[in-house]
Structure formats: structure tokens, C-alpha cells
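Q: Please walk me through this model, piece by piece.

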Amino acid sequence: MKKFVVLFVILSVMFLGTLSAKNVEITFWTLFSGGEGHIMTQFVEDFNAAHPEITVKAQKIDWLEYYNKLLTGLISGQPPDVAIMHLSVLPDYASKGVLTPVKDYVPKAFLDEYLPNIIERAHYDGELVALPLDTHPLVFYYNKKVLESAGLVDANGNPKVPQTWDEYIAWGQDVQSATGDYGASIDKFGMLGERWFIALYNQLGGSFYNEEAGKVIIDPDLAEEVYEIINVSFAGEMTPVTDYDGGEALFINDKAAYHLNGVWAMAVYPDTEGLDFGVTQVPAIEGSKPYTWGDSHSIIFPRSPNQSKDKLEAAVTFAKWVVEHSYEWANAGHLPVLTDVLESEEFLALPMREDYLDAAANAVLAPSVIGWLEFREEMWEICQKLVIGEFTEEEAAQELVNKANSILQ
Amino acid sequence: MIVTNKKRNNTLAYLFFLPFGLFFVLFKIYPFIRSLYLGFFKWDIFGSPEFIGLENFYTLFGTDKFWEALWHTLYFTILTVPPLVILGFLIAILLNSKIKFVGFFRAGFYIPYILSITVISLMWKLMFNETFGIVNKITSIFGIESINWLNDPSYAMPAVAFATIWWTLGFNIILYLSAIQQIPDSYYEAATLDGANSWQRLIHITVPLIKSTHVLVIILQIIYSLQIFGQVYIMTGGGPGGTTRTLVQYIYENGFKYFKMGYAQANAAIFFLIMLGVAIAQVKLMSKRGEGY
């Protein structure tokens, strides 16, 4: 009898043992490198340590390769269980039915913590298909050294930071004539034709998506007004035509006073030797809020033939954990999108974050439409043609309207 | 007896061909045929292809961007082929003469070709930078006003062409050098005895005797130049305002960025026809070779 009891105990312990050791392994693809990559790797390690029942296996993919690789994974039926996707491209993927809806796996209270402008874009066709991790809006950087040497300081000796675009242009021209350097610098691709355009267009009262028509309708008059502002800021080489690296180099090396760039630059600028700068929200059209462009890294759950409920649950658990710890992620410059994280001590302790945290709520994300991937590159190209003088403002606006009508669904 | 031997030889030949042939069919011929086939379909990669006949081709021929990209590709080819062939030949002749440090120079001209496309593109992008780049620093010595090389439509493509010439010249030099070295010295000795000067020796001996190498270098160079993509993509991104977008970039963007696979395949088919034309020209010209030492 005693033997039986012992055997029973041993067997049951073994049985329980296998139960508690039941380990779900999930794969996670990210496109982050540098500082971002380091934080994400730490996230995965910490999560694995805190959750013995789940093992996350992360794979880092070069960001230039990332979407190609994700595409191949999705087509071949071998995607990861969890992956990163920008909300701006979400509709192009969600419309193909490759993302798993996860509303049933996430508590409502958690979703309610999200900024409304962000979580709205994580839906496609009424289904929640992603958990946003951050928002990275366009913000405004100013170089204190350049402004001081141009004499652009107020009575208290503080550098003059423009509140309106009129001031931005006037003071930028002052810098140019006082120092011979540039008034401002901005990348000629996404930053100029897409991000700055969206900020200005929304500040002028425009909105891309027309609810009634159920599609994007661009107002040619507003677009022309936007292009006028952009053109004036490029006139007389106050702003040079340059790419991302070139524009950043001008700002860092004290050759440009103002600089329009995403918040991700905050991962670099505070530690850049010799750079004395400030950061704030973008200037605004008079009478408007400083609306700005924003995108968002979100966590998606690709559909795959061998997807199980266990894996999906584990994947959502991991995603939720990462979002809840996004004050760490904010070290990379990105703004958290959960209100309690935005108000958390950990986040506010980071340097200069208070100077631009309001940009998160003023961020306008790309409209939820199919074809955005192609349309946004047309936006870049049209604006480049404008600033190199191949298009007039009117032609650029007309071209933009034509492209929206022919590409966006 | 002879017949069986021949048969056995054939079998053996096929066996030797098999390992390569298998991969060639699987990864070149099959995708190629499938690509041509998909040109007649509307396909977004995820769903199933939908047959639309010649519509992709109609759209393609009616799209300004396609014609612009075709012109940019030809423009780049025009900018790069003559200098790469002529310079390649002239430098090969110099490197074949008895100058000091010839090994050093030979290596020096070839080294850029070893570098990867990303490295040379990023390097030249930095050097062409308007404010900080070394190119403007040098031209400013001669009083030339600084030029925004990669962001000015008139200079962007020539700048990319220049970087490409610097990068790939070494390959043509090697081809020419090996051809020149195969010409027997006795020809030159005989010519010298007859009183030919070095210019005459070059024009009447070297140039005609490496005719097939000229054809090879020119055709290869045209094919390489038509395939231009990486340098442009990294240095200018096809900009400013799409003025350096080439055909391969256009195909890549439509296929892999905008999910318009069928349309991209149709474009690739047209591109293939252009290349085929060049290749046929090569075969025709090469078969007319008549040299022998």
C-alpha cells in the first residue's frame, strides 16, 4: 500500500510537473536596430524571465529588408507569431486578410487606456488587428547655437522658437541673412511631401478621409495653400533640398537653425557631442492646434496555417506586456500611447520629454485606406518636383488630387 | 564502335550538366516563364491571379512614369558605356606598358570593383554632399560655385554615372588587359622593324586584334548599365522628383512595394525584350569574328 502511495505521489508530481512546464514558444520579428533594437532585446529577455510558461524567440531583421521578408513569410504560410508593423501600412495588409483580429483576447480596460487617435487606426473593417506600441510624430528641433549667433534671442536671452509658420519663415530668413547658413533643414522624401504636408493640411482645417464619401478626398485649394507655405520656405535657399542624412548633418553641425524630424531623433540628439538644441511641437497655422503627422509601431499577429489558440494567447500576453512597459521604449524618443504610461513617473523622468509629449495627442495618422503605400511615395515625388521648380503650386495640388483618385480605394 | 562511344560521351555530358542544369531550370527558366505568364494577370501577391489579357501592357504604355524610367535607364547607359569602354581600353594599354609600380596601379584600378554596391553608393553620396562633401571642396578651389549634385535634376544622374564609372572601370580594364597580353610580341617587333611608330602599332595591331574583346566589353557593359538600380536607389532614391528613377526600380516598386505583381511582370517582360535585343546583337557580332594570331 505504501508503495502505491509513493508511486501515486510520484506520478502525480510528474503529471503536475509536465502541466506547469507546459511551455508555449512564440516567434517575434522586429525591424529595430541600434538603440531601439537594444531596448527590444531587453524587453524580450525580461519578459521571458518573468513568464516561465512562454518563450519568446526574437529575430531582428534589417529594416530595409523587413517588409519584404514579412511579405515572403505571409505568402509562404510561415510568418512569425508576433511582428511589428507601422499603422500607416496596416490597411494594405489587413485588407488581404493576413492579420488576426484580437479583440477577444484583450481586456477592454486596457484598450480604453489608449489615446483615441491611435487605437482607432489599429482597427480595420471594425476589427482590432494590432496593438499600438508608440507614436512617433513629426516634431520641431531648434539649434540654440545657430539662433544665438544669428541674434535670434528674446529679452531673456532665450532662443526664439516660432509658434507659427510665418514666424518660422521670417526667422529662418533672418538666420540665413545673418549667418549665411540655412534657416531650416528637412528630408526631401517622407518628411517633406508626406509628413509636413499632412501637418500643414490638417492645421489648415483639411482632413484626408471623407466619411460621407467613404474615401480620401483632397481639397485642391487647401493642398495649394500647403504647397505655397512649403515653397516659400524653400525660396532663396532658406531650406536646401537634401535627404535625411544630409538634413540631419546640417542641423547637428550648426549649419541650420530649425529642423523638422520625427521624435526618433531623440534617441540620438541628446548624446550628440557639441549639439545644443531644443525640441517642441511643430509651429501652427494661426488659430489652429499644432496638428502634426504621426505614425505608430504596432504589434501584429500574422495569420498562419498552424496558428493555435495557445500561441495567440501567449502572443497577445507578450504584446500587452511590451505596451505596458513602453516607458522603457520611450528612451528611443517615441511617445507612449497609453495614458497611464504617458503620465508615469518613469516616462516623465526622461529628459525633454515634457517639451513635446503633447504632440502624441495632436498626431494625425495616415488614413485607413488601401494604396497608401503607393500614394505616399507619390506625395514625396510631387513635393520634390515642387521644390526643384518642376511643378507650380497649382500643378502640384492638381497632380496630388489626380493621384489620390487613381490610387486610393 | 565509334557510335557507342559518342553516345556514352553524350550521356556523360548530360550527367555533368545535370547539377547546374537542374538549378538553372528551377531558379531561372521556371521563374522566367512564370513571370512572363503572370504579366497577363492582375495579382496582388496574396490572392489568386486574375486573367486580364493585355491590360497590364496597355496601362504600362499609357503611363508616363514607365517612359520616363525607360529614358532614365537609356540616359544612364549613354553616360556610362562610352567612358567605361574607352577608358577601360586606354588604361589597359597604359597598364600593359613598362611603367614603374605597374602592379600597384593594376591593383589600384581594380580595388573599387571589389567593394559592395552599398559601400560605394554611400561613400559617393557623402562625397557629393553639397555642404560637407569633398567634391564641392575640390571644385571650389577652381572658383566653381557649390553644386547640390544629387538633388539637382541636371546633375543627379551624371553624378551617379560618375560613381559607377569609378566603381566598375577595373573590370573592363582586366578584360582588355588579358586580351592585349595575348597578342604575340613578334607582331610588334616586326612592325617596329618596318618603321611603325607606337600610334600606328596601336591602331593597326592592338585595336583590330582584340576586336572580339571590344564586342564583349561593349555588350556586357550595355547589359550591366541597363540593369542600373542599386546605385541610384541608394544615392538619390530615384529623386529628385523621380528624375533618376530607372526601369528596374520601377519594376521593384510596383512588385514589392505596391503589390502590383502582374503589372511589374509585364514591365519586366518588356525589359527582357530590350535585353534580348542586345544579346542577339552580341551573338551576331561575335560570330563574325575573324581573328587569329
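A: First a convention: helices (H or I, at least four residues) and strands (E, at least two) are DSSP runs, numbered from the N terminus. This is a predicted model, where local features need pLDDT of at least 70 and side-chain atom pairs count only at pLDDT 80 or more, while totals for chains, interfaces and linings use all residues. Residues are numbered from 1 along each chain as its sequence is written, and chains are lettered from A and ligands numbered from 1 in the order in which they are written.

Q: OK. What comes just after α3(A)?
A: G77(A), which has a positive phi of about 75°. The helix before it, α3(A), has 13 residues. From first C-alpha to last α3(A) reaches 19 Å, close to the 18 Å expected at 1.5 Å a residue (the span is 1.5 Å times one less than the number of residues).

Q: Which residue other than glycine has a positive phi?
A: M352(A) is one, with phi near 65°. M352(A) sits in the loop between α15 (345–348) and α16 (353–356) of chain A. Most residues other than glycine have a negative phi.

Q: Now the sheet. What is the strand order in chain A?
A: The order is β2-β1-β3-β14-β6 in an open sheet of five strands, with mixed pairing (a pair needs at least two DSSP bridges). β2 (54–60) and β6 (130–132) of chain A each have a single partner strand, so they are the edges, with one side lacking a neighbour in the sheet. From one strand to the next, the twist averages 30°.

Q: How many bridges join β6(A) to β14(A)?
A: Three, and the two strands run antiparallel. L131(A) is opposite I299(A) of β14(A).

Q: Which helix packs on that sheet?
A: Helix α12 (residues 309–324) of chain A does, touching β1, β2, β3, β6 and β14 of chain A. Its direction makes about 50° with that of β1(A). Contact here is C-beta atoms, placed from the backbone, within 7 Å; angles run from 0 to 180 degrees between N-to-C directions, with axes fitted to C-alpha atoms, for helices over the stretch in contact.

Q: Where do the two chains touch?
A: The contact takes 22 residues from chain A and 18 residues from chain B. On the side of chain A, α3 (63–75), α11 (244–252) and α17 (372–387) each give two or more residues. The largest share there, five residues, comes from α17(A).

Q: At what angle do α3(B) and α10(B) pack?
A: About 145°, with their axes 9 Å apart. Residues of α3(B) including F76(B), V81(B) and L84(B) meet a group in α10(B) that includes V217(B), I218(B) and I222(B).

Q: How long is α7(B)?
A: Helix α7(B) has 29 residues (153–181), and because each should add 1.5 Å, the expected span is 42 Å; its end C-alpha atoms are 42 Å apart, which agrees.

Q: Last one: where is the cis peptide bond?
A: A cis peptide bond joins G239(B) and P240(B), with omega about -5°. P240(B) is in the loop between α11 (230–235) and α12 (247–257) of chain B.

Notes
Contact = placed C-beta atoms within 7 Å.
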